[in-house]
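Q: I should like to take a close look at a single part of this protein, and then to see how similar features appear elsewhere in the chain. Please guide me through it step by step.
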Amino acid sequence: MKSRSTLAAWLGGLSAPRLARVLAVRKDAASSPEPRTVGELADRLQRPGSVALTLPRLTLPSLQVAEALAALGGRASRDALAGLLGATDGEAARSLDSILEGLADHALVWPDGAGALRMASSLRQAWDAPLGLDHPLEKLLAGATSEELRAMLVALGIKPPGTKQQRLVALVEHHSDPGAVAEVVARAPSITQKLLARRADSATGQRQFIMFGSPGPDLEPGARWALDRGLLIVDRHRYGPARMPVEVALALRGPEWHAPFDPLPPSAQVVSVGSAEVEREAAAAATALAAQAASVLSACSASPPARLKSGGIGARELARIGKAAQADDTVVRITVETAHAAGLLGRDGDRVAPTGAYDAWAEQEPAERLAVLLQAWHNLALTPTQARDEDNKALPALAGAPPCGGCLQARHGLLHAAAQLPAGRSVAIASALGPLVAWYRPLADSSPQDGTPFATLIHEAELLGVLARGALSPLGTALMEDDAAELTAVCRRLLPTATRTARIGADLTAVVTGTPSAALAALLDYVADRETSGTASVWRFSPGSVRRALDAGHSPDGLTADLAAVTAGPLPQPLSYLIADTARGHGRVRIATAACVIHGEEPALLAELAAHRKLAKLGLRQLAPTVLVSRSPLDATLTALRAEGYAPVAETADGTVRIEKTRPPRAAAPVPTPRRAGTAADRRDAVRHTARTPATVDPNVLADRLLTAPLTAPDPDPFGSGVPFATDTEEIVSGYAKRLSYTDVRQLAHAIDTGTPLAVEYVATSGNRTVRTLSRLELDPPYLEAWCHLREDERVFTLSRIHSVMPS
C-alpha cells in the first residue's frame, strides 16, 4: 500500500500532458472501463498482470536498471543506483537519466516525496534474487528478538542501545558501511572469510538449510562466526537457508564491482546498400511467396487437410500439401498459420478448409493477397515455421497453442532493430540482427531449433520480403508503422499484377511467369499437375490430369476452348490429341445411384411398377426387363408398394427373405432440465459484462478527470467470491493459468513461494497429456521453470497448459 500511495501522489503531482503521456504509454493498464480516480489508476498500474504486459517491451538497459533498483530493495536514491550501475558520469549517466524517464512513463519507477526512486511492488517481485542479491538486513531481521540483536552488536564490539528498534537501527547502520563490514570480515577466521567470499560471489548459489530454532552443529565450517555477527541471517520461523543481506554482499564484492549496464546496443558489421537493391530483392522474395501461398491454399481448397485428434495439421498432411503445391515445409507452415489468422482457413469438423473469405481473397491481385498475409504474420503470437518443440518432437501446424507474447515481441523487436540501422546501411550477415533483437527485446523468445539467436524469425522475414540484403525493406517499414493502407500500397508497387495467360508447349507443359490469376491457376490445376511454383510456375499435362478434369464435369470441347483462350498462341497439336484420346475412353462404364433394387420374374409386372403414377415419388428406373432401381430407401419403397396393393418382400444382403418383427412401442425416458451454474446475480453480471463495449478515450481528457477525482482503493476480488488474493504470486498465476480453479491456483502459488514439490497435469504443444512431478519451481510469467522428475532435467512449462494441480 505504501508503494501504491507514493505512486498515486506522484501521479497527482504530474501535469495533465505528462499524465496523458503515461496513459498513452500504459494503455494496456488504463484501458476501458476507464479509471475514475488517480488512486484507481495507481492500483491498475501496480497490478502484476499490467507489469507483465509492459516488461517484454523494455530494452535491455531498462531491465538492467529496474533489476539494480530491485536489488537495492525497491527504494534508493539516484546516486546509489548510479553507483551500483557504474553510471555516475559521462554518457552512462545521461543514458541512465533517459532510461529512468522512460521507466517513469511506464509507471514502473518514479520519484517519491523524499527524493528517492520507488518501483512498483509487483515489478520488484519479477526477480527472486536480483543481481544474485538477497533482501536488505532490516527485512531479514524482522523476526529477530531484542536479545539476538544485542548479541550481534556485542560480537561486533558495539554497545547495544536500550530498545529493540534502536538496536536494529544500529546494526543496519553498521552493515550499511562497506568499510565497517570489510574490517569485521578481516578479523574473521580464514575459513569464514572463504565462506563469505564464496557466498558473496554467488548469493543465490547453494545455501545451508537450517530447521526451526538455532543452527545445528552440521553448519558449514565458519558459518557460526558469521551468524553471530549478522553477516548471515537465519529465519527461525520457517524452513529456509542462511541468507546473506544485500549490504554485506555488496560490501564483500568491493567498490569496483558494478551491476551489468549496457546502455548502447551491440555493434554489428554494416555495409553500404542501395535502396533499389533492397527493393529489388524484397520484390523477388515477396512475389515468390505470394505465388507459393496461393498454390498452398489452392491445394487446401481442392483437398482440405485432416486434423489430428490432438488438434492441428500433422506432418503427413503438411507434406501432402507441399507436394501438391510444390512448396517446402516452411512455406506451407507460414501460409496456413497466417491464412488461419487472417480468417482464410477455418475448422470444418475434422478438417481445416478455406472459408468464404478465401474465395474473395483468391480473386484479388497478388499485392492485395500478400498484404493480408503480411499483416497476419506481423500480429501472430507464435513462430509459424517452428517445426519442433523443446524435446525435438514434431509440432503440428494450427495446433491451437497458447499465445506466445515472447514470439510476438521478437518479431516486433526484429523490425525495430533493423529500422535503427543507419540509412543506406545493412548488416553484412542477416544473423547479426539476432543480438540486436536480444538488446531491444531481451525477454523475446527464440525458437529451440535456432542455431543462432532468432535465426528462424530472420529467415521468415527474408522469405516474406520484410528483410532484404540485411536491411528493412519498405514492406517491413509499413508493417512496423502498422499502416494497412501503406502496406497495400507498397505491395502494389513492388509486386507485378497477376498473369492471365500461359505459354503451352508441345512438350505438354504450361509455363506461367509471375503469379497466375485465380482463374488461370484453377483451370491449370484442374487439367494438369503442378511441377514447380514460385516466380515461374510449371504445369504438366498427362492422361491422368485430363481425365481428372473430365471427371469434374468439363467437356472435351470446353477444355480445348478454355485452354485456347489462356494460351499466348495456338494450342499445340499434341495437347489437342491428348484431350481427344482421353475423352474417347472416358465414360465407357457408368455408375448409377440406387438406394435399393427391385427385381422379379415377371417383366410385365415390373414395367407396370415403373409406369405407376403414384409410385413416381420413389424415383423408379428400369435397367433391365426384370430389374428396377429405386432412389428411395428400402423400407420407404416397401411401404409405398404395399400401400398400392402389391405384395413385395424384402431381402437381406445375402439374398434371403428378411423376417420382419415388430417391437412393442416404449416411451422415451424423460430428459432432466440442465442445471445452470451460478446464481441469478452472477448471470446478470455476466450479461452486463458481455454487453459492455469498450470505448476509446482521449488520454488528455482522462488525465484531467483523474487529477480532479478523489483517491480510492478498491480491494481485489479475483473470482467474484469476495475473497482477495492472498499473495501477489496467486494473482500472477491466476492471470495466466486460466484452466485452474482457485484452489489449484492457491496450491500452485504456495508451492512456488515455499519451494515445495508438487505434481501437475500438463498438455504439451504436441497435444500429449502427461502428469509431471516438479520441484525447484521458479515463476517467469507466462512460464514456470522447474526440475521435471519425468525428464530428469530443467524444463520450462507454459502456465496456460497446466490443467490441474495435486500433491506430489
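In the hairpin of E21 and E22, which residue takes a positive phi, and how many residues are there between the strands?

A: The residue is Glu-792, whose phi is positive, near 55 degrees. The hairpin of E21 and E22 has 4 residues between the strands. Please keep in mind that this is a predicted model.

Consider first the two strands that the hairpin connects. Strand E21 covers residues 783-788 and strand E22 covers residues 793-798. They run antiparallel and are joined by 6 bridges. One of the residue pairs is Tyr-783 with its bridge partner in E22, Thr-798. In general, the strands of a sheet pair through backbone hydrogen bonds, in either a parallel or an antiparallel manner.

The approach to the hairpin also deserves attention. The peptide bond from Pro-781 to Pro-782 is cis, with omega near 5 degrees. Pro-782 belongs to the loop between strand E20 (769-780) and E21.

Positive phi values are found at other places in the chain. For Gln-326, which is not a glycine, phi is positive and near 55 degrees. Gln-326 sits in the loop between H17 and helix H18 (329-341). With a relative accessible area of 32%, Gln-326 is partly exposed. Arg-469 is another residue other than glycine with a positive phi, near 55 degrees. Its loop is the one between strand E10 (467-468) and strand E11 (471-472), and Arg-469 is partly exposed at 38% relative accessible area. A glycine example is Gly-465, which follows helix H23 and has a positive phi near 85 degrees. Within H23 (residues 455-464), the buried residues are Thr-456, Leu-457, Ile-458, Glu-460, Ala-461 and Leu-464. As a general point, an α-helix has 3.6 residues a turn, so residues three or four places apart point the same way.

Antiparallel pairing also appears in a sheet of 4 strands. This open sheet has the order E12-E13-E15-E14. Strands E12 (503-504) and E14 (529-532) stand at the edges with a single partner strand each, so one side of each has no neighbour in the sheet. Strand E13 (residues 509-513) pairs with strand E15 (residues 536-540) over 5 bridges, in the antiparallel sense. Here Val-512 has Ser-537 in E15 as its bridge partner.

One residue of E13 may be examined in detail, namely Thr-509. Its relative accessible area is 8%, which is under 20%, so Thr-509 counts as buried. Leaving aside residues up to four places away in sequence, Thr-509 touches Arg-503, Ile-504, Val-538, Trp-539, Arg-540 and Phe-541. The side chain of Thr-509 also makes a polar contact, at 2.7 Å, with the side chain of Asp-507.

Strand E14 leads to one further feature. It is among the elements that each supply at least two residues of the lining of the second largest pocket, together with helices H16 (275-302), H17 (315-325), H19 (356-362) and H26 (518-527). This pocket holds about 660 Å³ of space. It is lined by 27 residues, and those closest to its centre are Ser-298, Ala-299, Ala-302, Ala-521 and Asp-525. Helix H16 gives the most to the lining, with 7 residues. By class, the lining has 16 nonpolar, 4 polar and 7 charged residues.

Note on methods. Residues are numbered from 1 along each chain as its sequence is written. This is a predicted model: local features need pLDDT of at least 70, side-chain atom pairs count only at pLDDT 80 or more; totals for chains, interfaces and linings use all residues. Side-chain values use heavy atoms; hydrogens and water are left out. Two strands pair if DSSP finds at least two bridges between them. Buried means under 20% relative accessible area, exposed over 50%, partly exposed in between (1.4 Å probe, protein chains only). A polar contact is a pair of N or O atoms within 3.5 Å; within protein, one must be able to donate a hydrogen and the other to accept it, and residues adjacent in sequence count only if both atoms are side-chain atoms. Contact means heavy atoms within 4.5 Å. On a 1 Å grid over the protein atoms alone, a cavity is a set of points where a 1.4 Å probe fits but cannot get out, and a pocket is an open set with protein on both sides within 12 Å along at least five of seven lines; lining residues have an atom within 4 Å of a point. Grid points are joined across faces, edges and corners, and a volume is the space filled by probe spheres set on the points. Ala, Val, Leu, Ile, Met, Phe, Trp, Tyr, Cys and Pro count as nonpolar, Asp, Glu, Lys and Arg as charged, and the others, Gly among them, as polar.
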